[in-house]
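I am opening a fresh notebook page for one chain. My plan is to look things up one at a time and write down what I find.

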Amino acid sequence: MNKGVYLALFSIGLAQGVKIPIHFFKKKEWRPDLFFGTGGMPSSHSAGVSTLTTYIALQRGLPTFDFALSLVYGLIVMYDAQGVRRQTGELTLKVNSMNDLIEKIHKEESLEYKQEAPKKLKEMLGHQPEEVVGGAVLGVLVGVIGHLLTKKDRKLSKFKLRF
């Protein structure tokens, strides 16, 4: 069993689930569909990689190849979550607003123009930096708690082997 993977997946699910009440308190709007969406507070990408990196650091130590690999991978994922994906989301907002403008222009024409309306692109792709940090903090907490629980499990299994 790879407890690090289980903890990281749990952390991702927890981050996705926490988005619903956070959105409700901010916007007074209940949106359970946010569990399956991207973007928002906290970043599940950051939570997952931070959990795994924290768990590896506590289980195997900082000077290990496992930790180095997880840390570098995690930093790339978090950078991408708030960098490239965020810029893509902002571009999507502009494309969608252009579609709205084109629709208004066509409605004002005297000629009848029929075109199937394009589907709006999903606008919430990436994260604000504070959403990435929020996910990272959640991930570190889950990683530490997972390590502590795993530590207890190992002590219990050693105790059981003696009897």
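Entry 1, salt bridges. I began with the charged side chains and found that the structure holds two salt bridges. I note here that the model is a predicted one.

In one of them, the side chains of R31 and D33 meet, with N and O 3.0 Å apart. I then looked up how far each partner is covered. R31 is partly exposed, as its relative accessible area is 27%. D33 is also partly exposed, at 44%.

The other joins R60 to D66, and the closest N and O atoms are 2.6 Å apart. R60 counts as exposed because its relative accessibility is 54%, and the cut-off for exposed is over 50%. D66 has a relative accessible area of 29%, so I put D66 down as partly exposed.

Entry 2, the whole chain. Next I stepped back to the overall plan. I counted five helices and zero strands. Read from the N terminus, the order of elements is α-α-α-α-α. The chain has 163 residues, and 33% of them count as buried. I looked up the accessible surface as well: about 11400 Å², with 67% of it belonging to carbon and sulfur atoms. For contacts between residues at least 6 apart in sequence, I wrote down that 76% join residues at least 24 apart.

Entry 3, helix α1. I took α1, which covers residues 3-27 and has 25 residues. From its first C-alpha to its last I read 36 Å, close to the 36 Å expected at 1.5 Å a residue. Which residue caps the N-terminal end of α1? I found N2 there, with a side-chain oxygen 3.2 Å from the backbone nitrogen of G4. G4 is also on my list of buried residues in α1, which further includes L7, A8, S11, A15, Q16, K19, I20 and H23.

Entry 4, K28. Just after α1 I came to K28, which lies in the loop between α1 and α2. Its phi is near 55°, a positive value in a residue other than glycine. I marked this for a reason: most residues other than glycine have a negative phi. Is K28 buried or exposed? K28 counts as exposed, because its relative accessibility is 61%.

Entry 5, S46. I moved on to helix α2, residues 44-60, where S46 is found. S46 has a relative accessible area of 0%, so I recorded S46 as buried. What does S46 touch, leaving aside neighbours within four places in sequence? My list reads M78, V132, G135 and A136. For V132 I also noted a distance: the backbone oxygen of V132 lies 3.3 Å from a polar atom of the S46 side chain.

Entry 6, a nonpolar patch. Last, I looked for nonpolar side chains on the surface. V133, V137, L141, I145 and L149 form a patch there. Together these residues have about 470 Å² of accessible area. I picked I145 for a closer look and placed I145 in helix α5, residues 129-162. I145 is partly exposed, because its relative accessible area is 49%, and exposed would need over 50%.

Technical notes:
Residues numbered from 1 in each chain as written. Predicted model: local features only at pLDDT ≥ 70, side-chain atom pairs only at ≥ 80, totals over all residues. Heavy atoms only, no water. Helix = DSSP H or I, 4+ residues; strand = E, 2+ residues; numbered from the N terminus. Expected span 1.5 Å × (residues − 1). Buried < 20%, exposed > 50% of the residue type's maximum accessible area, 1.4 Å probe, protein only. Polar contact = N/O pair within 3.5 Å; in protein donor to acceptor, adjacent residues only side chain to side chain. Patch = residues over 30% accessible without salt bridge, like charges linked within 9 Å, V, L, I, M, F, W, Y side chains within 5 Å. Areas by Shrake-Rupley, 256 points an atom, 1.4 Å probe, with all protein chains shown as cover. Salt bridge = Lys/Arg side-chain N within 4 Å of Asp/Glu carboxyl O. Contact = heavy atoms within 4.5 Å.
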